[in-house]
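Work through the exercises below with the sequence and the model open side by side. Each task is followed by a solution in steps.

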Amino acid sequence: MDLPSAPVKQDGRSFAPADALAEGLEVTLTKAGKIITLTGPDTSVQLTVGEPMIKINNQEQKIDAAPFTAGGVDFLPIRRVAEAFGAEVSWDAEKQQVSIGLVK
């Protein structure tokens, strides 16, 4: 899948703008303050900017890469969010590129 906006790398993790990741994963994005929710047919994912936690179908888990805001854009950890929706994520170190494969 190609994201409509470029991802960024921070602290060894890849992040994508929330709206771009939602679009690429074909899920709905809603924001309320610092809370970001992505909703698909069978999965709901909630993150809070600045908090190293993710809630997948109301099950809270600690993550090592907290969402952040830069330049008015909210960035989410690509791997954790994509895998929550069943996508396959791989990293090409040579190209410095993340690949996300949607499983339908």
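The exercises go from the whole chain to single residues, and the model they use is a predicted one.

**Exercise 1. The chain as a whole**

State how many helices and strands the chain has, and in which pattern they follow along the sequence.

Solution.
- Step 1. The count gives two helices and eleven strands.
- Step 2. Along the sequence these elements are arranged as β-β-α-β-β-β-β-β-β-β-α-β-β.
- Step 3. For burial, 36% of the 104 residues count as buried.
- Step 4. The accessible surface of the chain is about 6100 Å², and carbon and sulfur atoms account for 45% of that surface.
- Step 5. Taking contacts between residues at least 6 apart in sequence, 38% of them join residues at least 24 apart.

**Exercise 2. The five-stranded sheet**

Give the strand order of the five-stranded open sheet and name its edge strands.

Solution.
- Step 1. The order is β3-β4-β5-β6-β7, with antiparallel pairing.
- Step 2. β3 (28–32) and β7 (59–62) pair on one side only, so they are the edge strands by the pairing criterion of at least two bridges.
- Step 3. Ignoring direction, neighbouring strands in this sheet are turned against each other by 20 degrees on average.
- Step 4. Within the sheet, β4 (residues 35–39) and β5 (residues 44–48) run antiparallel and are joined by five bridges.
- Step 5. In this pairing Ile 36 faces Leu 47 of β5 as its opposite residue.

**Exercise 3. The partners of β9**

Determine which strands pair with β9, and over how many bridges.

Solution.
- Step 1. β2 (residues 13–17) pairs with β9 in the antiparallel sense, over three bridges.
- Step 2. Here Ala 16 is opposite Leu 76 of β9.
- Step 3. β8 (residues 68–70) also pairs with β9 in the antiparallel sense over three bridges, and Ala 70 is opposite Val 73 of β9.
- Step 4. β8 and β9 make a hairpin with two residues between the strands, where Gly 71 has a positive phi near 60 degrees.
- Step 5. β9 (residues 73–77) is itself mostly covered, with four of its five residues buried.

**Exercise 4. The aromatic residues**

Classify the geometry of the two aromatic pairs in the structure.

Solution.
- Step 1. A pair of rings is described by the distance of the centres and the angle of the planes.
- Step 2. For Phe 15 and Phe 68 the centres are 4.9 Å apart and the planes stand at 70 degrees; the pair is therefore edge-to-face, since the cut-off for that class is over 60.
- Step 3. Phe 15 lies in strand β2 and Phe 68 in strand β8, 53 residues apart, which makes this a link between distant parts of the chain.
- Step 4. For Phe 68 and Phe 75 the centres are 5.1 Å apart and the planes at 10 degrees, so this pair is stacked, the limit being under 30 degrees.
- Step 5. Phe 15, Phe 68 and Phe 75 make up one aromatic cluster.
- Step 6. Phe 15 counts as buried because its relative accessibility is 2%, and Phe 68 because its relative accessible area is 15%, with the threshold at under 20%. Phe 75 is buried as well.

**Exercise 5. Helix α1 and the nonpolar core**

Find which residues of α1 are buried, and which elements supply the largest nonpolar core.

Solution.
- Step 1. α1 (residues 18–25) is mostly covered, as six of its eight residues are buried.
- Step 2. The buried residues of α1 are Ala 18, Ala 20, Leu 21, Ala 22, Gly 24 and Leu 25.
- Step 3. Just after the helix, Glu 26 has a positive phi of about 60 degrees.
- Step 4. The largest nonpolar core has 23 residues, and those with the most contacts inside it are Leu 25, Leu 38, Leu 47, Leu 76, Val 81 and Ile 100.
- Step 5. At least two core residues come from each of α1, β4, β5, β6 (53–56) and α2 (78–84).

**Exercise 6. A loop residue**

Decide whether Thr 43 is buried or exposed, and list its contacts.

Solution.
- Step 1. Thr 43 sits in the loop between β4 and β5.
- Step 2. The relative accessibility of Thr 43 is 15%, so this residue counts as buried.
- Step 3. With neighbours within four places in sequence left aside, Thr 43 is in contact with Leu 38, Ile 56, Asn 57, Ala 84 and Phe 85.

Methods:
Residues numbered from 1 in each chain as written. Predicted model: local features only at pLDDT ≥ 70, side-chain atom pairs only at ≥ 80, totals over all residues. Heavy atoms only, no water. Buried < 20%, exposed > 50% of the residue type's maximum accessible area, 1.4 Å probe, protein only. Axes fitted to C-alpha atoms, helices over the stretch in contact; angles between N-to-C directions. Core = buried A, V, L, I, M, F, W, Y, C linked by side-chain atoms within 4.5 Å. Contact = heavy atoms within 4.5 Å. Areas by Shrake-Rupley, 256 points an atom, 1.4 Å probe, with all protein chains shown as cover. Phe/Tyr/Trp six-rings, centres within 6.5 Å; stacked < 30°, edge-to-face > 60°.
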